[in-house]
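Subject: Handing over the structure

Dear colleague,

I am passing this structure on to you, together with some notes on what turned up when I went through it. Please have the sequence and the model open as you read.

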Amino acid sequence: MDLVGRLVTLKAIQEEDLRFLMDLFNDPRTGEAIGGWSLPISYRHQQEWYAGIGKDDSVLRFAVWENAAGQLLGSCSLSGVDRRNRTAEVHCRLTQENTAKGLGTDAVFQLLVLAFDYLDLACVAATYLPENRASNRLVTKLGFCREAALRSRIYKEGRRHDVEVWSILAEEFAKARIRYETGEL
């Protein structure tokens, strides 16, 4: 099932997407903006990762395609999907050239539709480095609420970083949906 938004469509990741996604993950400009490891990955590693997609039902991964140009922009996912507690975490990584255009917001909105409408989740979290202004704009625009700063949580580029934790509840997403449908988002 493709998730179609106004600006982007989320599709299943295909083998022909792997080289693009590998280059995206190896791009230091996108790696510096996110938490976690930013080590180079090889094409063989990317193929092994692709072979594992779908084997873990707590992670749902998608390729993000721009509707207007039919161009692959990046990837997004719901991870840590916990069907008992009805929670998950959202992630989105787009090429540097495609930030600040509303594309990430549209992609995450479509993930939230999946999370709340199809998976019946109650809460979706987002975590990011405080320096990542694009992620801050995205979660704020979609109506996420700030929960905490996890202090000195990640070691990256020779220093410790805090991690911002934000979340949105199903009833809060209902307000974001109205803003999306009326064109405010």
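In what sense do β3 and strand β4 (residues 71-82) pair, and over how many bridges? Before the answer, please keep in mind that this is a predicted model. The two strands pair in the antiparallel sense, over seven bridges. Together β3 and β4 form a hairpin with four residues between them, and within that turn Gly70 has a positive phi of about 65 degrees. Strand β3 (residues 60-66) is also joined to strand β2 (residues 8-11), by four bridges, and these strands likewise run antiparallel. Glu66 is a helpful residue for tracing the arrangement, since Val8 stands opposite Glu66 in β3, while in β4 the bridge partner of Glu66 is Gln71. As general background, side chains in a regular strand alternate between the two faces of the sheet.

Turning to the helices, I would look at α4 (residues 103-118), whose 16 residues should span 22 Å at 1.5 Å a residue; the C-alpha atoms at its ends are 22 Å apart, which agrees with that expectation. Helix α4 is mostly covered, with 14 of its 16 residues buried, and just after the helix Asp120 takes a positive phi of about 55 degrees.

The aromatic residues deserve a separate paragraph, as a search of the whole structure finds four aromatic pairs. In one of them, the rings of Phe109 and Phe173 have their centres 5.1 Å apart and their planes at 45 degrees; an angle that is neither under 30 nor over 60 degrees counts as tilted, so this pair is a tilted one. The pair links distant parts of the chain, with Phe109 in helix α4 and Phe173 in helix α6 (residues 170-181), 64 residues apart. Are these two residues buried or exposed? Buried means under 20% relative accessible area, so Phe109, at 3% relative accessibility, counts as buried, and Phe173, with a relative accessible area of 1%, is buried as well. Ring pairs link Phe109, Phe116, Phe173 and Tyr180 into a cluster.

Two charged side chains also sit over rings. Arg6 lies over the face of Tyr180, at 3.9 Å from the ring centre, and Tyr180 is itself one of the residues in the aromatic cluster. The charged end of Lys11, for its part, sits over the ring of Trp65, 5.4 Å from its centre.

With best wishes

How values were computed: Residues numbered from 1 in each chain as written. Predicted model: local features only at pLDDT ≥ 70, side-chain atom pairs only at ≥ 80, totals over all residues. Heavy atoms only, no water. Pairing = 2+ DSSP bridges. Expected span 1.5 Å × (residues − 1). Buried < 20%, exposed > 50% of the residue type's maximum accessible area, 1.4 Å probe, protein only. Phe/Tyr/Trp six-rings, centres within 6.5 Å; stacked < 30°, edge-to-face > 60°. Lys NZ or Arg CZ within 6 Å of the ring centre and 35° of its normal.
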